[in-house]
Amino acid sequence: MSEIKGKDEEPLEGDGDYESLPPHASLTIHMTAGAVAGILEHTVMYPVDSVKTRMQSLRPDPKAQYSSVYEALRRIIQTEGLLRPLRGLNITMLGAGPAHALYFACYERVKCTLSEVIQNGGNSHIANGLAGCVATVLHDAVMNPAEVVKQRMQMYNSPYRNLLDCVRTIRHTEGLAAFYRSYSTQLAMNIPFQAVHFMTYELMQERLNPHRQYHPGSHILSGAAAGAVSAAITTPLDVCKTLLNTQENVALSSMHISGHLTGMANAFRTVYRFGGMAAFFKGIQARVIYQMPSTAIAWSVYEFFKYFLTKQQMEGEAGTAGPV
């Protein structure tokens with residue numbers, strides 16, 4: 001455990017341990033830091049996420065076939081307008097705030113509890129992975145409907161005029177269940193994603209920041225590495241999730257699939273029939289490019305706000321207590 005340190009690496013007098021969060025940091029601090037981190041994570045790299053969704057299309061329109069992320073962004077802006085890569089950003093921001101507030105708050109509390117049981121309060125990779133899995137269940141319950149709407153608005157030639165039109169159309173034509181059609185697949189993807197993500201992040205922190213001080217560089221590098229590894233490993237599940245979310249009409253019609261595609265097993269079979277094993281890695285470049293900076297941003301912002309808010313809270317408590 002380490003003391004809160006300033007930029008000059010000197011301990012701040014009277015402060016407690018930065019990583020000793022349960023005694024010092026309230027649930028509100030975790031949720032506030034998590035909400036800010038989540039919104040920034042999803043917004044800063046959102047155009048690349050839009051490209052990833054299109055590159056994962058099983059039967060893309062000839063005008064929406066791209067060889068690289070740069071080419072895709074350039075063509076989308078040239079042919080569809082400067083703001084087109086940001087379509088669906090509003091619903092993402094609405095979902096990301098509360099989803100990440102629950103996500104980080106749950107992760108910190110579960111990690112602390114399990115570490116006490118498994119490692120007597122020390123860092124435990126098993127506790128980190130399990131805490132990430134539990135946090136993911138809550139996160140995805142909030143974020144899944146936003147993901148469905150977001151990905152439908154990101155697709156080429158999306159028929160929806162705006163956010164409300166998309167929500168109303170899905171509800172009227174497919175029912176409320178459509179917003180959770182990919183939930184099981186999302187969990188199947190995100191539970192291993194987050195387990196690998198948190199374990200990689202904490203492992204990197206052990207190497208780069210063993211005393212667990214507030215150190216922006218280590219948080220950025222650890223977050224980037226965690227995002228890259230977990231994104232690459234879980235790309236096949238992300239392709240299936242995208243298919244379930246978008247219900248890609250051209251692709252399903254060509255396979256003579258009527259109605260709506262449901263279930264992870266059906267999604268896996270459909271993707272494989274379209275392009276074999278290679279189809280499961282469509283958009284992997286865009287996914288990794290999106291996740292590396294996004295995860296780095298999320299962790300660096302989260303750790304900063306956790307440090308800043310905890311410091312403010314402790315200074316306030318010291319001021320209230322007055323001199324002894």
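The protein comprises 13 helices and 0 strands, where helices (H or I, at least four residues) and strands (E, at least two) are DSSP runs numbered from the N terminus. The model is a predicted one, in which local features need pLDDT of at least 70, side-chain atom pairs count only at pLDDT 80 or more, and totals for chains, interfaces and linings use all residues. Residues are numbered from 1 along each chain as its sequence is written, and side-chain values use heavy atoms, with hydrogens and water left out.

The C-alpha atoms fill a box of roughly 75 × 40 × 35 Å along the principal axes. Buried residues (under 20% relative accessible area, 1.4 Å probe, protein chains only) account for 52% of the 324 residues. Of the contacts (heavy atoms within 4.5 Å) with a separation of 6 or more, 75% join residues 24 or more positions apart.

Helix α5 (residues 89-119) has a kink of about 30 degrees at A96, shortly before the proline P98; the bend is the angle between axes fitted to the seven residues ending at a residue and the seven starting there. Just after α5, N120 adopts a positive phi of about 55 degrees.

The largest pocket (on a 1 Å grid over the protein atoms alone, an open set of points where a 1.4 Å probe fits, with protein on both sides within 12 Å along at least five of seven lines) has a volume of about 530 Å³, the volume being the space filled by probe spheres set on the points, which are joined across faces, edges and corners. Its lining (residues with an atom within 4 Å of a point) consists of 24 residues, of which M155, Y156, T246, E248 and N249 lie nearest the pocket centre. Helix α11 (residues 249-254) contributes the largest share, 4 residues.

Key
Buried < 20%, exposed > 50% of the residue type's maximum accessible area, 1.4 Å probe, protein only.
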